[in-house]
Structure formats: structure tokens, C-alpha cells
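Got the viewer open? Here is a short tour, with something to select at each stop.

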Amino acid sequence: CMNSIKNERSTTKIEHFKSQKKFPKLEMGYKNLLVVCKGGEGEIEDLQHCDTKKGDDVISINPLNKNCERLVQFLADGTVFSDDPTVHVELTETLNLNVDYLVEERKTILDIVKDEIVSIKAKGTWNRKMLEKEIEKYQTKKDGKYSKYCQIIVYYLTKKLNRLN
């Protein structure tokens, strides 16, 4: 979901990318363990997302694969989707990444960045170098963490940059 997580046990849990139930031999495999948000744990199923919603289902996108983000796209309203039909189902149904509050938060973050870009453009400084600098800023960890919902911003700015070609 790209929400920020804190290093606190009360707000995080360990996800097994491949479930313990279906893949017992991978239960303690380092590359199978991820620290994730609670994903609406304790909420009704429609409000759950990420690992909480996924449960024991198997998904094809491994978040540890640096190229997985290439399969994920965003609309200006904060909705996540993929052109790959399997990945699209995994994002929208298995992981429920279009649950209302995630969509709203992604849209809010994107709107803030859009306003910043418009402000910079009004000053006459909007160009390829500025967009590349902004993309790099959101692709770089600060204090060991990425910005909340950074990938929707990177996606948006990259589309802007590609239009300059």
C-alpha cells in the first residue's frame, strides 16, 4: 500500500510472502519475511488490505523485487491498477489496494505534489532537470525510509518527464 510503517510492534507485523500454511519449508526463510503494516487487521474484510486481506493466497508480485513497481500504475484519483490482468486482480482484489481510505490518501499526497509542481512552473523553473531531481528525491530514503505513498508521486512525475521527450 506504500503507507509508512513505524518500528513498533503495535503497528506492524511480519508477512510471509509465501504463506506458512502453503509453504511450511519457507516459514523462516529470510527472503520470505517482510515487515508490513497491519493492513486493517481487525476490520471487516472489505476494509482489510495488504497481507491481512491476502491471507494464504499466493501473489506473483514480490515486493522485494525492485522491478515489481513497473507493473503498478496509478490514476490521478489515487486508484492503483495494472495492465497485466493477473497483477491487476492481485492489486485490486487479493491485496485490496483500492480500499477507499488508501485511494483518498494517495490522491491527497499526489494533489499536494501537483500543486508544488504548478507553483514551480509558475516561477518558470519547470524543466527536465527539476523533474529528475524530484523523482530522485522520492526514490531516495530519508532517515532509512521512503516517503509515504512515494510510488504514486514517482509514477506521476515520470509520466510528466516522458512527455517532454
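Before you click on anything, one definition: a residue is buried under 20% relative accessible area and exposed over 50%, and anything in between is partly exposed. Take Asp56 as a trial run: its relative accessible area is 31%, so Asp56 is partly exposed. Also keep in mind that you are looking at a predicted model.

**The whole chain**

Start with a cartoon view. You should find five helices and four strands, and walking from the N terminus the elements go β-β-α-β-β-α-α-α-α. Along the principal axes, the C-alpha atoms fill a box of roughly 55 × 30 × 30 Å. Colour by burial and 36% of the 165 residues come up as buried. Switch to a surface and about 10700 Å² is exposed, with carbon and sulfur atoms supplying 52% of that area. If you like electrostatics, mark the 29 positive and 26 negative charges: their mean positions sit 7 Å apart. For the contact-map fans, take contacts between residues at least 6 apart in sequence; 60% of these join residues at least 24 apart.

**Stop 1: the paired strands**

Select residues 12-16, which is strand S1. How many of its five residues are buried? Four of them are, so the cover over S1 follows from the under-20% cut-off. Now add residues 33-37, strand S2: S1 and S2 pair in the antiparallel sense, over five bridges. Show sticks for Glu15 and look across to S2, where Leu34 stands opposite.

**Stop 2: Asp56**

Back to the trial residue. Asp56 is in the loop between H1 and strand S3 (73-74). Pick its C-alpha and that of His16: the two residues are 40 apart in sequence but 8.9 Å apart in space. Then display the contacts of Asp56. Leaving out residues up to four places away in sequence, Asp56 touches Ser19, Lys21 and Lys22.

**Stop 3: Glu45**

Next, select Glu45, in the loop between S2 and helix H1 (50-54). Is Glu45 buried or exposed? Its relative accessible area is 51%, and the cut-off for exposed is over 50%, so Glu45 counts as exposed. Beyond its neighbours up to four places away in sequence, Glu45 touches Lys53 and Asn96. For a distance label, try Pro63: this residue is 18 residues along the chain from Glu45, and their C-alpha atoms are separated by 22 Å.

**Stop 4: Asp83**

Move on to the loop between strand S4 (80-81) and H2, where you will find Asp83. With 61% relative accessibility, Asp83 is exposed. Draw a C-alpha to C-alpha line from Asp83 to Leu95: 12 residues apart in sequence, 16 Å apart in space.

**Stop 5: the nonpolar core**

Time to look inside. In soluble globular proteins, nonpolar side chains tend to be buried together. The largest nonpolar core here has 32 residues, and Leu91, Leu97, Tyr138 and Leu157 touch the most other members. Which elements give two or more residues to this core? They are helix H2 (85-94), helix H3 (100-122), helix H4 (128-139) and helix H5 (150-163). The largest share, eight residues, comes from H5.

Centre on Tyr138 and expand the selection. Not counting neighbours within four places in sequence, the contacts of Tyr138 are Val113, Glu116, Tyr146, Ser147, Cys150, Ile153, Val154 and Leu157.

While you are here, click Ile112 in helix H3. At 43% relative accessibility, Ile112 is partly exposed. Ile112 and Ile153 are 41 residues apart in sequence, with a C-alpha to C-alpha distance of 9.8 Å.

**Stop 6: two backbone oddities**

Finish with a Ramachandran plot. Most residues other than glycine have a negative phi. Select Tyr149, in the loop between H4 and H5: Tyr149 is not a glycine, yet its phi is positive, about 60°. Tyr149 is also buried, with a relative accessible area of 1%.

Then jump to Met2, in the segment before S1. Met2 is not a glycine either, and its phi is positive at about 75°. With a relative accessible area of 27%, Met2 is partly exposed.

Definitions and conventions
Residues numbered from 1 in each chain as written. Predicted model: local features only at pLDDT ≥ 70, side-chain atom pairs only at ≥ 80, totals over all residues. Heavy atoms only, no water. Buried < 20%, exposed > 50% of the residue type's maximum accessible area, 1.4 Å probe, protein only. Contact = heavy atoms within 4.5 Å. Areas by Shrake-Rupley, 256 points an atom, 1.4 Å probe, with all protein chains shown as cover. Lys, Arg positive; Asp, Glu negative; His and termini not counted. Charge placed at Lys NZ, Arg CZ, Asp CG, Glu CD. Pairing = 2+ DSSP bridges. Core = buried A, V, L, I, M, F, W, Y, C linked by side-chain atoms within 4.5 Å.
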